[in-house]
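Got your viewer open and a selection box ready? Let's walk through this one stop by stop, picking residues as we go.

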Amino acid sequence: MDYNKLLDGAYEKLGEISGEGERFEVPKLLAFSEGNKTIIKNFQIVCEKIRREPQHLTKFFTKELAVPASQEGERLVLHRKLREDLLNKKFQEYVKDYVICAQCGKPDTHIEDSGHGTRMLICEACGARAPVK
Ligand SMILES: [Zn+2]
């Protein structure tokens, strides 16, 4: 299977959602292995770029990859050897589900707790509201 092709496909999908005009570029996670661990060294910076709580993204990775993770300063440590491209592919899914507005494709959103255990993705650009997992 051509992994790069798959990755390109994911990029294209995001591009489609964004539509015309300036396209939001998903920041890239920079990861390396250290023994049996994988360290995302720009974790904090990336979270700031997409304006999401590091804890939220950590939880996502823990769940999606079934791997224990802990934040150490600006870095995220995942307790297994993982490929950087896999991490970025998962991260793109995260951005698509929790950052990009499905209506207008802009990343100017935030997540609001609407009570009853449901959370909404609120778009600051077009006002769209959508429940998130
Ligand atoms: Zn929107």
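**Stop 1: helix H3 and what follows**

Start by selecting H3, residues 54–65: its 12 residues reach 16 Å from first C-alpha to last, close to the 16 Å expected at 1.5 Å a residue. Keep in mind as you click around that this is a predicted model.

Now step just past H3 to Ala66, where phi turns positive at about 50°. Ala66 is not a glycine, yet it has that positive phi. It sits in the loop between H3 and strand S3 (69–72). Is Ala66 buried or exposed? Ala66 counts as exposed, because it has 8 C-beta neighbours inside 10 Å.

Go to the loop on the other side, between helix H2 (43–50) and H3, and pick Arg51. Here is another non-glycine with a positive phi, this time about 55°. Arg51 has 12 other C-beta atoms within 10 Å, so it is exposed, given that the cut-off for exposed is 12 or fewer.

**Stop 2: zoom out**

Show the whole chain as a cartoon. You should find 4 helices and 7 strands, running α-β-β-α-α-β-β-α-β-β-β along the sequence. Colour by burial and 17% of the 133 residues come up as buried. If you draw a contact map, look at the pairs at least 6 apart in sequence: 45% of those contacts join residues at least 24 apart.

**Stop 3: the S1–S2 hairpin**

Select strand S1 (residues 31–34) and strand S2 (residues 37–40). They pair in the antiparallel sense over 4 bridges. Glu34 has Lys37 in S2 as its bridge partner. There are 2 residues between the strands of this hairpin, and Gly35 takes a positive phi near 60°.

Turn on side chains along S2. In a regular strand, side chains alternate between the two faces of the sheet. Which residues of S2 are buried? Thr38 and Ile40, which point to one face, are buried, while Lys37 and Ile39 point to the other and are not.

Next, add strand S4 (75–78). S2 and S4 pair in the antiparallel sense as well, over 3 bridges, and Thr38 stands opposite Leu78 in S4.

**Stop 4: the nonpolar core**

In soluble globular proteins, nonpolar side chains tend to be buried together. To see the largest nonpolar core here, which has 19 residues, select those with the most contacts inside it: Leu29, Ile40, Phe43, Leu76, Leu87 and Val95. H2, H3, S4 and helix H4 (84–98) each supply at least two residues of this core.

Centre on Ile40, the S2 residue you just met on the buried face. Leaving out residues up to four places away in sequence, Ile40 touches Leu29, Leu30, Ala31, Arg75, Leu76 and Leu87.

**Stop 5: Leu82**

Finish in the loop between S4 and H4, where you'll find Leu82. With 18 C-beta neighbours inside 10 Å, Leu82 counts as partly exposed. What does Leu82 touch, not counting residues up to four places away in sequence? Its contacts are Thr38, Leu65 and Leu87. For a last distance check, pick the C-alpha atoms of Leu82 and Asn36: they are 46 residues apart along the chain, and 8.9 Å separates them.

Notes
Residues are numbered from 1 along each chain as its sequence is written. This is a predicted model: local features need pLDDT of at least 70, side-chain atom pairs count only at pLDDT 80 or more; totals for chains, interfaces and linings use all residues. A residue is buried if 20 or more other C-beta atoms lie within 10 Å of its own, exposed if 12 or fewer, and partly exposed in between; C-beta atoms are placed from the backbone. Two residues are in contact if their C-beta atoms, placed from the backbone, lie within 7 Å. The expected span of a helix is 1.5 Å times one less than its number of residues. A nonpolar core is a set of buried Ala, Val, Leu, Ile, Met, Phe, Trp, Tyr and Cys residues joined through C-beta atoms within 7 Å. Two strands pair if DSSP finds at least two bridges between them.
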